[in-house]
Amino acid sequence: MNTIPLVALIGRPNVGKSTLFNRLTRRRDALVDPSPGVTRDRHYAKIDWEGHAFSLVDTGGIEEDDGLGGHIREQALVAVEEADIIFFLLDGREGLTPGDLEIAGLLRRSQKPVFPVVNKIDDADLENELLPPFWELGVDKVWPLSADHGYGFAELMSALLPLLNSEARHEELPENTLRVAFLGRPNVGKSSLINAITGESRMLVSEVAGTTRDAVDTRLSCGQYAYLLIDTAGIRRRGKTTDKLEKFSVLKTLGAIGRCDIALVLLDAGEGITEQDTKIISYAQEQGRALMVLINKWDLLERERKRQLQLLEEVREAVKFVSFAPILKVSAKNGRGIKRLFPEMGKIQRQFHSRFPTSALNRLLADAVAQHEPPLHRGRRLKFYYTVQLATAPPRFVVVSNAPRAVHFSYQRYLVNCFRDGLGLDRVPVQIFFRERS
Ligand code: GDP
Ligand code: GDP
């Protein structure tokens, strides 16, 4: 299963989280993707590290501080639940603080791999001087690091690498299980829709106990697939916070995106599409997830034909950057559109996992280039030698070229469209990277 681990950076302000984040995101990968990123987010990035993809979140930046100091503690709790791997950053120059010890206590109880990283240790001398106090954390290993200068970075990364192997991280699910994440702002109707689905279809629903994650997941089976429905609204029902205090959690959303096959992003028909909605969609897009946009609460517009058309137009316009994503009108309240969800997900799933023979791909590439030659690059003809499929879920291809960095985004988009049409992949993201002949 192709899931993307979520690595969270937690720690007090000023320990060096964003410095480490920058060090990790600066590195250029050998695969070139000329498309401009949609979210320019300084706190979240998708990273390819020696062939392993992971999502990196700097929790210090993504969610607002409540000014009461409860922030880091709360971040640690969410990270423990949602992240797959945690980097707990400490400040070597400040030493261990009572707050650090409290966070360490929270983290110790989690089953997740936690790396206590003592930052601002710029060289070996400083390591001897500054590291010992941190043994008080009572952990097996403390990692010295200079996020700024790179000391200790290679060791830390080589310890991370084996954990990025996704096979090891996931609970056993029946084969052919489709994992569907319900995403969206609070109150768009995620939980209501899940309830409507499980009620309406009278499918086999089984209660699953176990991990915290499982507690809010619903399993069911329908047709040839088993489904795992991932509800990201779960936090509210467990916590002490009641209705109004409920906050949107980026970390929770990213965690769910990382472990789903299909992301269903819900919108509220009564409110229209907001910036937060498109942000959620772009997170799913960046992680290469299959995607559906559901305009929920369609019942609210039942008699307003004009508003319906207007809203559809607004939504189409706002989600143009994921033109492959079907847009469905649904209502958790009256059941509208729910029957269509499963056939639609089935189609998406088949496309998401399809594999294509190299010979067919190369014919497609040759035809595409013959139809529309790439522009000259510094007077030189851009050449594409061959293509192969790298992966499924999403379908991902590499095109080997004499000048991968010279391929323009618009030509990449042209090739993506040719592949889409030629391979019948109209409902899922298609990724093409360029690489030099090795
Ligand atoms: P954040 O609030 O946890 O994201 O911390 P920042 O990354 O913004 O870093 C806080 C301060 O620590 C900045 O002034 C950085 O330049 C400094 N800093 C970060 N990493 C290192 C390091 O490895 N060595 C030293 N000496 N300073 C660092
Ligand atoms: P969540 O926070 O995204 O899980 O949202 P909930 O499922 O808790 O729903 C939030 C509110 O919207 C509740 O009051 C629901 O009754 C209401 N709601 C959910 N779906 C619909 C719908 O399709 N139509 C209407 N009119 N209200 C809905």
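A residue counts as buried here if 20 or more other C-beta atoms lie within 10 Å of its own. Keep that in mind for the views below, which all come from a predicted model.

**View 1. Strand E12, covered on both faces.** Have a look at E12, which spans residues 290-296. Seven of its seven residues are buried. On one side sit Ala290, Met292, Leu294 and Asn296, and on the other Leu291, Val293 and Ile295. Every one of these is buried, so both faces of the strand are covered.

**View 2. E12 and its partner E11.** Strand E11 (residues 262-268) runs parallel to E12, and seven bridges join the two. To get your bearings, find leucine 264, which stands opposite methionine 292 in E12. Between these strands the chain passes through helix H11 (residues 275-286), making a right-handed β-α-β crossover.

**View 3. E12 and its partner E13.** Strand E13 (residues 327-329) is also parallel to E12, held to it by three bridges. Valine 293 has isoleucine 327 as its bridge partner in E13. Helix H12 (residues 305-318) joins E12 and E13 in a β-α-β unit, and this unit is right-handed.

**View 4. Valine 265 in the largest nonpolar core.** This core has 105 residues, and Phe88, Val180, Leu264 and Val265 make the most contacts inside it. Zoom in on valine 265: beyond its neighbours within four places in sequence, its contacts include Leu291, Val293 and Leu294. Ile280, Ile281 and Ala284 are also among them.

**View 5. The shell around ligand 1.** Here 16 residues surround the ligand, with Gly16, Lys17, Ser18, Thr19 and Asp148 the closest. Helix H1 (residues 17-26) gives the most to this shell, namely three residues. By type, the shell splits into nine polar, four charged and three nonpolar residues.

**View 6. Two loop residues with positive phi.** Most residues other than glycine have a negative phi. Lysine 120 has a phi near 70 degrees, and asparagine 187 has one of about 75 degrees. Lysine 120 is in the loop between strand E5 (114-119) and helix H5 (124-130); asparagine 187 is in the loop between strand E7 (177-183) and helix H7 (190-200). Lysine 120 counts as buried because it has 23 C-beta neighbours inside 10 Å. Asparagine 187 has 16 other C-beta atoms within 10 Å, so it is partly exposed.

**View 7. A cis peptide bond at proline 394.** Most peptide bonds are trans. The one joining alanine 393 and proline 394 is cis, with omega about 0 degrees. You'll find proline 394 in the loop between strand E14 (384-391) and strand E15 (396-401).

Key
Residues are numbered from 1 along each chain as its sequence is written. Chains are lettered from A and ligands numbered from 1 in the order in which they are written. This is a predicted model: local features need pLDDT of at least 70, side-chain atom pairs count only at pLDDT 80 or more; totals for chains, interfaces and linings use all residues. A residue is near a molecule or strand if its C-beta atom, placed from the backbone, lies within 6 Å of it. Helices (H or I, at least four residues) and strands (E, at least two) are DSSP runs, numbered from the N terminus. Ala, Val, Leu, Ile, Met, Phe, Trp, Tyr, Cys and Pro count as nonpolar, Asp, Glu, Lys and Arg as charged, and the others, Gly among them, as polar. A residue is buried if 20 or more other C-beta atoms lie within 10 Å of its own, exposed if 12 or fewer, and partly exposed in between; C-beta atoms are placed from the backbone. Two strands pair if DSSP finds at least two bridges between them. A crossover is right-handed if, with the strands pointing away from the viewer, the path from the first strand over the helix to the second runs clockwise. A nonpolar core is a set of buried Ala, Val, Leu, Ile, Met, Phe, Trp, Tyr and Cys residues joined through C-beta atoms within 7 Å. Two residues are in contact if their C-beta atoms, placed from the backbone, lie within 7 Å.
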